[in-house]
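Ready for a little practice at reading a model? Take a look at the structure below, then work through the exercises at your own pace.

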Amino acid sequence: MRKLFLMILLFAALSCPAAGGSEALTVAAKGAVLIDGASGRVLFGQNENEMLPEASCTKIMTALLALEHSELDEEVTAGKNAHGVTGTSIYLSEGETLTMEQMLYGLMLRSGNDAAVAIAEHVAGSVSAFADLANARAAELNADAHFVNPHGLDADGHAASALGLARIMREAMKNPDFRTITATERKIIPWVGNEYSRVLENKNRLLSTYEGATGGKTGYTSKAGRCLVFSAERDGLELIGCVLNCYTWFDTAEVMLDYGFEHFRMERALERGQAAAQITVLDGARANVDAIVTEPLAAAVEIGANVSVEVDSKPLVAPVEKGQEVGTVRLMCNGKTVASLPLTAATAVEAWSLSAAIRNVLRSWALQFS
């Protein structure tokens, strides 16, 4: 029956044609989104901006802040507020000490609410101070989310949009330690004062059932329903998705990922340090300067789409400093901007003078004959 239901869901999701020639996608979730991990481009959205309870998907932000504000080998001691937190737990005793890395595995794999409180108090001193830190970070990421606690148990005002959570996940996935933790299916960590160790099993079943799955986080409360943030990568294209209040959470995630991989591909237009253009320099010892990108210009684009690169810049007046912002480069897909980056000067250009001109000629000769 479950397989039959999934087949019906797939047919319903992919049977309705949409503008632009690709199929429309609808899913059985109160809020859902699929974004490109490289650029953040929204590839599919359904009520993606609606603020909803997020349950333990909250813990992605908790892990991100822990990694940004502490070292993995720091000792984290569970206080009285961490011991006995309701809901899912790794059963921390008051006064028990683990490393931050071990706490993070307990947080992300077992979804320990007690680990979340221990981490929050270690990082910020209190749960309320940690929530302030989380809200400030969400604002920096342009992520619609408001945090009251570090674990996601139901609380007034604790909510996020599907797009907000996907953006937080995208930022977290830039951290190599987070990527390692979220992709781990099973981990053994100490259990102080117990003859057994803690055996942690990742609740994200996509890691074992979906080709290319790279991580994510489950969440559930009676108010939030089933929530899931997920990611997968194939052929250089990493997709990040989120479903909120979705009974068929894992099946729906697979439908969304399949949709993304079937309709989009990764376009890497420029690599880090590559020149997008030469820009004219007026009154300079050199007539132009290379304008480079400091990170790859890459984005998911529709398969078969018309893709181009456009540069926006104006002539510069010397002197020009190395690293100075000199314009913008945009990756275009069917006439729409899907990614953009600032351009910077690859080298400094002095104002023209006889001595500067001579130095420039000598430098060119040296490079030519070296």
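Three exercises with worked solutions follow.

This is a predicted model, in which local features need pLDDT of at least 70, side-chain atom pairs count only at pLDDT 80 or more, and totals for chains, interfaces and linings use all residues. Residues are numbered from 1 along each chain as its sequence is written, and side-chain values use heavy atoms, with hydrogens and water left out.

**Exercise 1.** Describe how α3 and α4 pack.

Step 1: Find helix α3 at residues 100-108 and helix α4 at residues 113-124; helices are DSSP runs of H or I with at least four residues, strands are E runs of at least two, and both are numbered from the N terminus.

Step 2: The angle is about 140 degrees and the axes are 9 Å apart, with axes fitted to C-alpha atoms over the stretch in contact and angles running from 0 to 180 degrees between N-to-C directions.

Step 3: α3 and α4 are therefore oblique to each other (under 35 degrees is roughly parallel, over 145 roughly antiparallel, 65 to 115 roughly perpendicular, and the rest oblique).

**Exercise 2.** Work out whether H151 is buried or exposed.

Step 1: Locate H151 in the loop between β5 (145-146) and β6 (159-160).

Step 2: H151 is buried because its relative accessibility is 9% (buried is under 20%, exposed over 50%, partly exposed in between, with a 1.4 Å probe and protein chains only).

Step 3: The H151 side chain reaches the backbone nitrogen of L153 at 3.1 Å.

**Exercise 3.** Find the cis peptide bond that leads to P319.

Step 1: Go to the loop between β17 (316-317) and β18 (325-333), where P319 lies.

Step 2: The bond from A318 to P319 is cis, with omega near 5 degrees. Most peptide bonds are trans.

How values were computed:
A polar contact is a pair of N or O atoms within 3.5 Å; within protein, one must be able to donate a hydrogen and the other to accept it, and residues adjacent in sequence count only if both atoms are side-chain atoms.
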